[in-house]
Amino acid sequence: MTDTATGPVAAEITARLTTALAPSRLDVINDSAKHRGHSGDDGSGESHFTVVIESAAFAGKSRLDRQRLVNRALGDLMTERVHAMAIKASAPGEV
């Protein structure tokens, strides 16, 4: 599993996804610097993320269902601390 988390929000994203989905790959990428000064930038430096996650929990699930699993695992982070998140979710062995 790859872990690119650096700040407290990224670390919390990593912890919650690891607990809920037992990923074989997890990259939490902080994209906030690209959005500095834009809508949703709260000045924390941790408001925009990309998550690349591979988990057996996604096998047989649609793209929408996979995103729902990620959002459910993140819970209140998505409404209280994260403005935007791109999710790239796959099951092991998918291209």
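Strand 3, residues 84-90, has two faces: Met85, Ile87 and Ala89 sit on the covered one, while Ala84, Ala86, Lys88 and Ser90 make up the uncovered one. Keep in mind that this is a predicted model. From here, the picture runs through the pairing with strand 2, then Thr50, then the nonpolar core.

**Strand pairing**
- Strand 3 pairs with strand 2 in the parallel sense, and seven bridges link the two.
- Val51 is the residue standing opposite Ile87 of strand 3.

**Thr50**
- Thr50 belongs to strand 2, which covers residues 48-54.
- Is Thr50 buried or exposed? Its relative accessibility is 11%, so Thr50 counts as buried.
- The Thr50 side chain has a polar contact with the side chain of Asp31, at 2.4 Å.
- Setting aside neighbours within four places in sequence, Thr50 is in contact with Asp27, Val28, Ile29, Asp31, Ala86 and Lys88.
- Two of those partners, Ala86 and Lys88, lie on the uncovered face of strand 3.

**Nonpolar core**
- The largest nonpolar core counts 21 residues, and Ile13, Leu17, Phe49, Ile53, Phe58, Val70 and Met85 have the most contacts inside it.
- Helix 1 (8-21), strand 1 (25-30), strand 2, helix 2 (63-74) and strand 3 each put in at least two residues of this core.
- Helix 1 is the top contributor to this core, giving five residues.
- Met85, from the covered face of strand 3, touches Ile13, Phe49, Val51, Leu74 and Met78, if you skip residues up to four places away in sequence.

Definitions and conventions: Residues numbered from 1 in each chain as written. Predicted model: local features only at pLDDT ≥ 70, side-chain atom pairs only at ≥ 80, totals over all residues. Heavy atoms only, no water. Helix = DSSP H or I, 4+ residues; strand = E, 2+ residues; numbered from the N terminus. Buried < 20%, exposed > 50% of the residue type's maximum accessible area, 1.4 Å probe, protein only. Polar contact = N/O pair within 3.5 Å; in protein donor to acceptor, adjacent residues only side chain to side chain. Contact = heavy atoms within 4.5 Å. Pairing = 2+ DSSP bridges. Core = buried A, V, L, I, M, F, W, Y, C linked by side-chain atoms within 4.5 Å.
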